[in-house]
Amino acid sequence: MRTAAGVTGVAGVAGVAGEAGVAGAPMERRRFVGLCGRAVTFATGAAGAVLSWSSCASVAVRPVTPTSGRVRLSLADYPELAAPDGSVMIRPTGWDDPIYVLALGDRRFTALSPICTHRGCTVEIQGARLECPCHGSVYDREGAVLHGPAERALSRFRTQVTSDGMLVIDLRVVDGAAR
Ligand code: FES
């Protein structure tokens, strides 16, 4: 399975201990993601086309099928992205982790890996910020670090808006570098 985090090499960090588990007990990234995954099952059942990850962040997760390494989203189908602070989560076929798609206003968007670059927990969208529940790193909506301990920006996929209203996310290009 591919992961968004695999882009930066953080993806394989299963077993790295965090500090903010239940009642302060350590929680590793894979377990944290697993808890979110179970919340999806409870919320929708197996047949849901649009899944809720509400226990992890109050945004929908939508399965998408890439073509030639790119995901194409019709902006008309994603009214959430019309608002300057709108967000959606998508999960490309075969990927473990979702990708966060965030509106920036003026028809600008970012597509970010949700995997914290500190130790691999899943960050949560909190308005203008993305916050990591494990050790408190904070990123802006373009993935830049606002507050450590993370030192590197979130992995960001190249995006383009076409004249016919499609948001194209290139899964092969991260932070300007080909994968
Ligand atoms: S994993 Fe440590 S701050 Fe995110």
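pLDDT is the predictor's confidence in each residue, on a scale from 0 to 100. Keep that in mind for the views below, since this is a predicted model.

**View 1. The whole chain and its confidence.** Let us start with the overall picture. The protein holds one helix and 13 strands, and along the sequence the helix comes ahead of the strands, in the pattern α-β-β-β-β-β-β-β-β-β-β-β-β-β. Of its 179 residues, 34% count as buried. Among contacts between residues at least 6 apart in sequence, 46% join residues at least 24 apart. Mean pLDDT for the protein is 74, with 64% of the residues reaching 70 or more.

**View 2. The stretch of low confidence, residues 6-58.** Over residues 6-58 the pLDDT stays under 50, and the model has 78 contacts beyond four places in sequence for this stretch. Helix α1 (residues 29-44) has the lowest mean pLDDT among the elements, 39, whereas strand β9 (residues 138-140) has the highest, 97. Where pLDDT is low, the predicted coordinates should not be read in detail.

**View 3. Proline 63 in strand β2.** Strand β2 covers residues 60-64 and includes proline 63. Is this proline buried, exposed or partly exposed? Proline 63 is partly exposed, because 14 other C-beta atoms lie within 10 Å. Setting aside neighbours within four places in sequence, proline 63 is in contact with Arg91 and Thr93. The C-alpha atoms of proline 63 and methionine 89 are 8.7 Å apart, although the two residues are separated by 26 residues in sequence.

**View 4. Strand β3 against strand β12.** Here strand β3 (residues 70-74) runs antiparallel to strand β12 (residues 166-174), and five bridges join them. Two of the partnerships are easy to pick out: arginine 70 is bridged to aspartate 170, and serine 74 to methionine 166. In a regular strand the side chains alternate between the two faces of the sheet. Strand β3 shows such an alternation, with Val71 and Leu73 buried on one face, while Arg70, Arg72 and Ser74 point to the other and are not buried.

**View 5. The hairpin of β11 and β12, with β6 alongside in the pairing.** Strand β11 (residues 156-161) pairs with β12 in the antiparallel sense through five bridges. Within this pair, threonine 159 stands opposite isoleucine 169, and phenylalanine 157 has valine 174 as its bridge partner. Four residues lie between the two strands of the hairpin, where glycine 165 takes a positive phi near 80°. Strand β11 also pairs with β6, again antiparallel, over two bridges. In that second pairing, leucine 112 is partnered by arginine 156 of β11.

**View 6. The largest nonpolar core.** Which residues touch the most other members of this core? Among its 30 residues, they are Ile99, Tyr100, Val101, Ala111, Cys116 and Ile169. Two or more residues each come from β3, β4 (87-92), β5 (99-105), β6 (108-112) and β12. Strand β5 gives the most, with five residues. For a closer look, try valine 101: beyond its neighbours within four places in sequence, valine 101 is in contact with Leu81, Ser87, Val88, Ile90, Phe109 and Ala111. As a general rule, in soluble globular proteins nonpolar side chains tend to be buried together.

**View 7. The four-stranded open sheet.** In what order do the four strands of this open sheet lie? They follow the order β7-β8-β9-β10, with antiparallel pairing. The edge strands, each pairing on one side only, are β7 (124-126) and β10 (145-147). From one strand to the next the twist averages 35°. At one edge, three bridges join β7 to the antiparallel strand β8 (residues 129-131). Look there for glutamate 124, which stands opposite glutamate 131 in β8. Strands of a sheet pair through backbone hydrogen bonds, either parallel or antiparallel. This sheet also includes β9, the strand with the highest mean pLDDT among the elements of the protein.

Technical notes. Residues numbered from 1 in each chain as written. Pairing = 2+ DSSP bridges. Axes fitted to C-alpha atoms, helices over the stretch in contact; angles between N-to-C directions. Buried ≥ 20, exposed ≤ 12 C-beta atoms within 10 Å, placed from the backbone. Contact = placed C-beta atoms within 7 Å. Core = buried A, V, L, I, M, F, W, Y, C linked by C-beta atoms within 7 Å.
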